[in-house]
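User: I'm in my first year and still learning to read protein models. Could you take me through one part of this one, the sheet, and show me how the strands fit together and what sits around them?

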Amino acid sequence: MVEALGLTGGITFLPGPEGALAAAASHRVPGADHLAAQSLAASALEAEGPLVREAAGGGWLAATPLLGRRESLGVLFL
């Protein structure tokens with residue numbers, strides 16, 4: 001999806017056993033950006049909707065929860 005949209009990178013987060021998000025798949029996201037990604041992903045999950053923030057080095061970060069009918073399936077960060 002990241003390459004198809006021409007984006008810099010992305011992470012799929014899945015809920016862990018205690019509800020904390022854990023990175024399940026990552027593509028071209030520098031290690032230093034994982035903390036910012038996880039923070040935005042957690043905020044989007046809590047808000048139950050997409051969030052967009054300006055990145056510190058320029059550009060934009062976005063996260064949206066992946067919601068099933070009865071439960072959260074995770075969060076997509078781009």
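Analyst: Sure! Keep in mind that this is a predicted model. Let's start in the sheet with β4 and its partner β5 (residues 72–77): the two run antiparallel, and five bridges join them. To get from β4 to β5, the chain passes through a hairpin of four residues. Want a pair to find on your screen? Look for L67, which stands opposite S72 in β5.

Now look at what β4 does with β3. Strand β3 covers residues 51–54 and β4 covers residues 60–67; these two are also antiparallel, with four bridges joining them. One of the pairs here is E54 with W60, its bridge partner in β4. The hairpin of β3 and β4 has five residues between the strands, and in it G58 takes a positive phi near 100 degrees.

Let's move over to β1 (residues 10–15). Three bridges join β1 to β5, and the two run antiparallel. You can check two pairs here: F13 has V75 as its bridge partner in β5, while I11 stands opposite F77. Strand β1 also pairs with β2, again in the antiparallel sense, over six bridges. There, L14 stands opposite A22 in β2. The hairpin of β1 and β2 has five residues between the strands, with G19 taking a positive phi near 90 degrees.

What holds such pairs together? Strands of a sheet pair through backbone hydrogen bonds, either parallel or antiparallel.

Put all of that together and you get an open sheet of five strands, in the order β2-β1-β5-β4-β3, with antiparallel pairing. Strands β2 (21–27) and β3 stand at the edges with a single partner strand each, so one side of each has no neighbour in the sheet. From one strand to the next, the twist averages 20 degrees.

Next, the helix. α2 packs on the sheet and touches β1, β2, β3, β4 and β5, and its direction makes about 45 degrees with that of β4. Zoom in on A41, which belongs to helix α2 (residues 34–47). Is A41 buried or exposed? A41 counts as buried because its relative accessibility is 0%, and the cut-off for buried is under 20%. So who is around it? Setting aside neighbours within four places in sequence, A41 is in contact with F13, L21, A63 and V75. You've met two of those already: F13 and V75 are the bridge partners from before. There's also A62, which is 21 residues from A41 in sequence, yet their C-alpha atoms are 8.3 Å apart in space.

One last stop: the pockets. The largest pocket has a volume of about 350 Å³. Its lining counts 16 residues, and the closest to the centre are T8, D33, W60, L61 and F77. Some of those should ring a bell: W60 is the bridge partner of E54, and F77 is the residue opposite I11. As for the character of the lining, 10 of the residues are nonpolar, four are polar and two are charged.

Terms used. Residues are numbered from 1 along each chain as its sequence is written. This is a predicted model: local features need pLDDT of at least 70, side-chain atom pairs count only at pLDDT 80 or more; totals for chains, interfaces and linings use all residues. Side-chain values use heavy atoms; hydrogens and water are left out. Two strands pair if DSSP finds at least two bridges between them. Buried means under 20% relative accessible area, exposed over 50%, partly exposed in between (1.4 Å probe, protein chains only). Contact means heavy atoms within 4.5 Å. On a 1 Å grid over the protein atoms alone, a cavity is a set of points where a 1.4 Å probe fits but cannot get out, and a pocket is an open set with protein on both sides within 12 Å along at least five of seven lines; lining residues have an atom within 4 Å of a point. Grid points are joined across faces, edges and corners, and a volume is the space filled by probe spheres set on the points. Ala, Val, Leu, Ile, Met, Phe, Trp, Tyr, Cys and Pro count as nonpolar, Asp, Glu, Lys and Arg as charged, and the others, Gly among them, as polar. Axes are lines fitted to C-alpha atoms, for helices over the stretch in contact, and angles run from 0 to 180 degrees between N-to-C directions.
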